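User: Could you take a close look at one loop in this model for me, and then walk me outward to whatever else is worth knowing about the chain?

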Amino acid sequence: MGGKILKRYSPMVAIDVATKNEALDLFDRLTVEPRPILKIGMELYYHFGPEIIKEAQRRGFKIFLDLKLHDIPNTVKRAMFVLGQLGVDFTTIHAAGGSEMVAAGATGLKEGAQAAGLPAPKLLAITQLTSIDEQILHDEQHVDLSLVESVQSYAQLAEKAGANGVVCSAHEVQAIRQVTGPDFLCVTPGIRPWNFAKGDQKRVVTPHQAHDLGSNAIVVGRPITQSADPVKAYQEIEEEFLTEED
Ligand SMILES: O=c1ccn([C@@H]2O[C@H](COP(=O)(O)O)[C@@H](O)[C@H]2O)c(=O)[nH]1
């Protein structure tokens, strides 16, 4: 990997579980240093709403609220205004919704945070989901670009529209760095320790590969949440991803 990565975050742990008890149990166990950033996704948020975010914030966690907004610009702007008031640190929008939608989302998010007297969360645009491969891109989405070109093009769109970064796989980070500014974030799910099954993920790397490919942050769910010892799994992944110089 060429230049120094300006910012690396602790691993983001995707708390994709069905019950509040399971979520709270993980929150309590994961109160370790360096603190993970907790990713609250659709499953927990649709069940429990802002209260589950508050539970995590009360324990000192930074929150990545991953709801992947995708609708017409006005609807997204208004929804982002609401999310901007929750005190979360990161949130997501689909770049496929177009530059006008991403720009509207970015504005709504900033205005919501401002109205609540909070710092604006970082807005990350989803490029191509890590469950998509070249075959699905061509045969089902009928996209003529290669996967990396498609991700690169979404990253440029997102940066111009005011997003702070993208969600992509680590495989595309170097291509994205060629067309975006140095502080544009590449947050990468699809992380699989060498001994963990890919499952529905297609574009996967190990934590170590994600480090070497230049990810700013990795998102890890099942390899931690399904482990018999989630804290040990988190710490092993964190050690593999973050080095002394980070
Ligand atoms: O392209 C994307 C965007 C988001 N995700 C989310 O990350 C986690 C990954 O979970 P694993 O269990 O480690 O596979 C999950 O919450 C997804 O919604 C993604 O995987 N890919």
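Analyst: Pro-34 sits in the loop that runs between α1 and β2 (37-41). Keep in mind that this is a predicted model. What makes the spot worth a look is the peptide bond joining Glu-33 and Pro-34, which is cis, with omega at about -10 degrees.

Now step back to the helix on one side of that loop. Helix α1 covers residues 20-29 and packs with helix α3 (residues 50-58). Their axes are 10 Å apart, at an angle of about 20 degrees. Angles under 35 degrees count as roughly parallel, so α1 and α3 are roughly parallel to each other. As for handedness, α1 passes α3 in a right-handed crossing. On the α1 side the contact is made by Lys-20, Ala-23, Leu-24 and Phe-27, and on the α3 side by Ile-52, Glu-55 and Ala-56. Sorted by class, that contact has 5 nonpolar and 2 charged residues, with no polar ones.

There's another backbone oddity in strand β3 (residues 63-69), which is where Lys-68 is found. Phi of Lys-68 is near 50 degrees, a positive value, and this residue is not a glycine.

A second helix pair follows, made of α4 (residues 73-83) and α5 (residues 99-115). Here the axes come within 7 Å and cross at roughly 25 degrees, so this pair, too, is roughly parallel. Once more the crossing is right-handed, with α4 passing α5. The contact list is a long one: α4 brings in residues including Pro-73, Val-76, Met-80, Phe-81 and Leu-83, which meet a set in α5 that includes Met-101, Ala-104, Gly-105, Gly-108 and Leu-109. Charged side chains turn up as well, among them Lys-77 and Arg-78 from α4 and Glu-100 and Glu-111 from α5. The class split for this contact is 9 nonpolar, 5 polar and 4 charged.

Then there's the ligand. Around the ligand there are 16 residues, and those that come nearest are Ala-14, Thr-130, Pro-189, Gly-221 and Arg-222. Both β8 (217-220) and α10 (222-225) supply at least two residues each to the shell. If you're thinking about chemistry there, the shell has 9 nonpolar, 5 polar and 2 charged residues.

Finally, for the wider frame, UniProt's unreviewed entry places a domain feature, "Orotidine 5'-phosphate decarboxylase", at residues 10-237. Over that stretch the chain is 43% helix and 16% strand, and the C-alpha atoms at its ends are 10 Å apart.

Conventions: Residues numbered from 1 in each chain as written. Predicted model: local features only at pLDDT ≥ 70, side-chain atom pairs only at ≥ 80, totals over all residues. Near = placed C-beta within 6 Å. Helix = DSSP H or I, 4+ residues; strand = E, 2+ residues; numbered from the N terminus. Nonpolar A, V, L, I, M, F, W, Y, C, P; charged D, E, K, R; others polar. Axes fitted to C-alpha atoms, helices over the stretch in contact; angles between N-to-C directions. Parallel < 35°, antiparallel > 145°, perpendicular 65-115°, else oblique. Left-handed = near helix turned anticlockwise from the far one by under 90°. Contact = placed C-beta atoms within 7 Å. UniProt positions renumbered as here; feature names shortened; annotations may be inferred.
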